[in-house]
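Q: Please take a close look at a single part of this model and describe its surroundings in one connected account.

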Amino acid sequence: MKRCLKCIMPDTAKGIKLDEKGLCQLCRDYKEYVPKGEKKLREDIKDYIDPKAEFNCIVPVSGGRDSSYALYYVKEVLGLKPLAVHNDNDFETEVATNNLKAITKAVNVPLLRIQSKNHITKTIIAEKFKMNAPFGPGLVVEQTCEACKYGFESASYNTARQKGIKVIFWGDSLDESTVPYHSLYAHYTPSKWKRLVSPNALSLFKYKKYYNQMKQEYGPCSPAGLKEIHLFDYILWDQRVIVDTIQKKMGWSVPKTSATTWRTDCSIVPLVNYLTEKACGVSKLEIGFSNMVRSGKMDRDEALQSVEQIKNNTDVLKFKESLREMGISNKDINRVL
Ligand SMILES: [Zn+2]
């Protein structure tokens, strides 16, 4: 296996072609992103912030690294009065639970926790796994996080509207986005007909039923009337600064054995990471690390070491056990894993 000489993209990754200089397309087409800056951020939010309100913005937090920093920045740097909103997706890690307590206490921000009734997010993920299993790991992994995303977004939007808050600060960043990579190759989507004649067609109906239940419970997932700010469009995303700040000033931490500070908030991430590798020939974390190396925010050797460590820590038997606990049959597990 060869890797891109600039980032760490392997030539086993679907859609990746290394050129004669040993560079991948993502590196060849890379344009450095210049953040809009704090001044522009203050300008963009000023009409939406009520200085007299008890809370004048929402920061959705997962207990993970970047949203923790977003909370710090909004409270301590911008001096706003945030309400932290957290959606428990039924896969919250103990690390995330502890970090959520620590970070909100450190900056004295109340934490609103939301969770679906009867662990419906987990049920949806299980039915979706079953319904996509006959079509392989690519489709399974593409659609695994849908219900959690819906839960997080709608919980934030609807809380904002209920409380008369107009601004939401998201902690996502281009540096961790896997979208540019996934746009490099054609994705397979089965036709309706293929779905209906698949051995797991029943799960398609169950999935739709539970998803509709979730939508009713959470309410619409619409940002209408709200100002959404992606914080790292305005300020530099720098892993070192972020980790240093949240560790020192918020009491945020990850176990010493953790191969990365990224995505420690969800226990399904290792499975998603593994399935991405199975489907695409490159793991999800590897795609993220290659972004960070490309933009100069992570050392190449450090990224390679983390990738190696994550591979060594991968426990496929444990994945299978967790999937069986979710009610997924051995047949479907073996179709995907
Ligand atoms: Zn590259």
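**Thr93 and the adjoining pocket lining**

A: Leaving aside residues up to four places away in sequence, Thr93 touches Thr264, Asp265, Cys266 and Ser267 (contact: heavy atoms within 4.5 Å). The model is predicted, with pLDDT of at least 70 required for local features and 80 or more for side-chain atom pairs, while totals for chains, interfaces and linings use all residues. Numbering starts from 1 along each chain as its sequence is written, and side-chain values use heavy atoms, without hydrogens and water.

Thr93 belongs to the loop between S2 and H4 (DSSP runs numbered from the N terminus; helices are H or I of at least four residues, strands E of at least two). Its relative accessible area is 15%, so Thr93 is buried (under 20%, with a 1.4 Å probe and protein chains only).

The second largest pocket encloses about 1000 Å³ (an open set of points on a 1 Å grid where a 1.4 Å probe fits, with protein on both sides within 12 Å along at least five of seven lines; the volume is the space filled by probe spheres on the points). It is lined by 34 residues, and those closest to its centre are Thr93, Cys266, Ser267, Pro270 and Lys318 (lining: an atom within 4 Å of a point). Cys266 and Ser267 are also among the contacts of Thr93. Helices H4 (94–106), H12, H14 (300–313) and H15 (316–325) each contribute at least two lining residues.

The largest pocket holds about 1600 Å³. The elements that give two or more residues to its lining include H12 (269–280), while H7 supplies the largest share, six residues.

Key:
Buried means under 20% relative accessible area, exposed over 50%, partly exposed in between (1.4 Å probe, protein chains only).
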